[in-house]
Amino acid sequence: SSDEKASGTTPAKIPITVKVELDGIVDRITALPVTPGNYFALGTSDDMVYYMTNATSSPKTTLKAYNLKDKKEVEIGQFNNYVISADRKKMLLKKDDAFAIVDMPKDKVTIDKKIDLSNMKLMLDRKKEWEQIFNEAWRQMSDFFYDEGMHGVDWPAMKKKYQALLPNVNNRLDLTYVIGEMISELNVGHAYVGGGDYDKAERIQTGLLGAEISRDASGYFKINDILKGENWISSSRSPLTEIGVNAKEGEYIIEVNGTSTTTVNDIHELLLGTAGKTVELTLNSKPERSGSHKTLVVPVADESDLYYLKWVRHNIDYVSEKTNGQVGYLHIPDMGANGLNEFVKYFYPQLQKKALIIDDRGNGGGNVSPQIIERLNREPVFINAPRNITVQVPDPTMILGPKVLLIDQYSASDGDIFPYRFRTYGLGKIIGRRSWGGVVGIRGSLPFVDGGFLNRPEFSRYDIKGQTWPMEGYGVDPDIEIINNPADEYKGIDNQLDKAIEVILEELKLRPEIPVAPPYPKKNQ
């Protein structure tokens, strides 16, 4: 500091070398006696062990510490993150967009003084930053791409080729385009680039009522169909079906917040910016104001989950109707937590079915296909026969009968791998269109200076015989190719699903029924 220079003193050196004694390190592992949970960002200072934690149901994170001397856990407070200084005497705390520096805390902290960032400015040479990001993107691909030979591409030559475009880059989106073109030379899936520091337009959410609404000849708007929801889940909340909302199909929306719907071309003009806010609707069974009633509703910003729920439920009912209740149906939207939840949600309630259609179409990928395949590939060893229950199922819980899998060109990533596993295990016929064909996996992005991201395809898979690299760039072929005509789909006709029903009904004729229970044992003989 300037004071130290004036006084002639030398700043104290901060030791940065840490020696780790590897001998016996495993034997020095211990467990802190804290409640089981999700813990991360471990840090230490003297007798204190610091860590972040959050409940699985909440995005809020809490900084806690365990005092090794007192053998007690303390809560420091709700913060987004923390950093311990090199000399272990200070801590930088982040809460939302604010920062504060405090002495190493040993108990609850209340931030009174925040760091003033109002005059914090950075002199930035954008052109040089973009050049650095370009070079970093090229290097990351070079160092982490799963094939060291870069798919036979001359990677240094690619750098020189696209580097020539950098003088013409005038914003971050230009740079993203150039990097995207460069990495596309590798001809591989999951090579994504984006984000970064650029101006983003403010998005104003339109309130949606979870219903199909049309303009009536009277000038008012009519509620034609109210989408059924699962109102205990925020993403599939259907506003007009919530408790206390008095709205029915066939009613007319006369006013929104007191403004007549006849005064606008589209009812959503009156719902602009109302997502998550309380709105007053004036409704009537007739297209007139006389005799109308009012109700309060909270619109949503996205209806896609409601339409998805409607589609899945329709398919379940359709398959059941066409098969006389013999065949079950479930759709797996991705191979992540959501897809696994959807599988569990519909698989176990349909264990009494004799056969199952699994729909992998539009699957967004992930990594849980082994768990789902394991459940579908189970072999029975006996039949459960509980008292007072008429349905008997094999144990472990499974559907013993035939299975059919639906795929299409949007079955992607682990949604590609799933049908590959399905065929390898001989679980049944695959119907639809060839899948997407992108199976070289990614682990996430390393940081860029402006917050952008680059996904580097880092791990692939080859066949069990060690002969080929299946799926990547090609996908998985169906056993029976059926192409859904968009015009048919618009009319609600699903030729792929109809074919799956046809095939599985034929296979049901060849499969034996679950055997009936033998006579119960007589223990008194």
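**Exercises on a predicted model**

D360 is buried, with a relative accessible area of 0%. The model is a predicted one, and the exercises below treat its overall form, two helix pairs and several loop residues.

**Exercise 1. Determine where D360 lies and which residues surround it.**

Solution. Begin with the position in the chain: D360 belongs to the loop that runs between β16 (355-359) and α7. Next, consider accessibility. Buried means under 20% relative accessible area, and D360, at 0%, is therefore buried. Then list the contacts, leaving aside neighbours within four places in sequence: D360 meets I332, M335, L405, L406, I407, S411, G415, F418 and P419. Finally, take a distance between positions remote in sequence: D360 and A412 are 52 residues apart along the chain, and their C-alpha atoms are separated by 9.2 Å.

**Exercise 2. Describe the packing of α7 and α8: what are the angle, the handedness and the contact residues?**

Solution. The axes of helix α7 (residues 369-376) and helix α8 (residues 414-424) come within 10 Å and cross at roughly 30 degrees. Angles under 35 degrees count as roughly parallel, so α7 is roughly parallel to α8. The handedness of this crossing is right-handed. On the α7 side, the contact is made by S369, P370, I372, I373 and L376, which meet D414, I417, F418, R421 and F422 in α8. By class, the residues of this contact comprise seven nonpolar, one polar and two charged.

**Exercise 3. Carry out the corresponding analysis for α5 and α10.**

Solution. Helix α5 (residues 304-322) packs against helix α10 (residues 495-510) at an angle of about 40 degrees, and the axes are 11 Å apart. The two helices are therefore oblique to each other. In passing α10, α5 makes a right-handed crossing. The residues N315, Y318, V319 and K322 of α5 meet L497, D498, I501 and L505 of α10. Five residues of this contact are nonpolar, one is polar and two are charged.

**Exercise 4. Establish the surroundings of L400.**

Solution. L400 is placed in the loop between β18 (394-395) and β19 (403-407). Its relative accessible area is 31%, so L400 is partly exposed. Not counting residues up to four places away in sequence, L400 touches P380, P394, R511 and I514. Of these partners, R511 is 111 residues from L400 in sequence, while the C-alpha to C-alpha distance is 9.3 Å.

**Exercise 5. Compare M150 and H151: which is buried and which is partly exposed?**

Solution. Both residues are in the loop between α2 and α3; α2 covers 126-144 and α3 covers 155-163. M150 is not a glycine, yet has a positive phi of about 55 degrees. H151, also not a glycine, has a positive phi of about 55 degrees. Accessibility separates the two. M150 has a relative accessible area of 4% and is therefore buried, whereas H151, at 31%, is partly exposed.

**Exercise 6. Characterise the protein as a whole: how many helices and strands are present, and what is the radius of gyration?**

Solution. The secondary structure consists of ten helices and 22 strands. The radius of gyration is 30 Å, against a value near 24 Å for a compact globule of 525 residues. Along the principal axes, the C-alpha trace spans about 95 × 75 × 70 Å. Buried residues account for 39% of the 525 residues. Among contacts with a separation of 6 or more, 62% join residues 24 or more positions apart.

Notes
Residues numbered from 1 in each chain as written. Predicted model: local features only at pLDDT ≥ 70, side-chain atom pairs only at ≥ 80, totals over all residues. Heavy atoms only, no water. Axes fitted to C-alpha atoms, helices over the stretch in contact; angles between N-to-C directions. Helix = DSSP H or I, 4+ residues; strand = E, 2+ residues; numbered from the N terminus. Parallel < 35°, antiparallel > 145°, perpendicular 65-115°, else oblique. Left-handed = near helix turned anticlockwise from the far one by under 90°. Contact = heavy atoms within 4.5 Å. Nonpolar A, V, L, I, M, F, W, Y, C, P; charged D, E, K, R; others polar. Rg over C-alpha atoms; globule rule 2.2 N^0.38 Å. Buried < 20%, exposed > 50% of the residue type's maximum accessible area, 1.4 Å probe, protein only.
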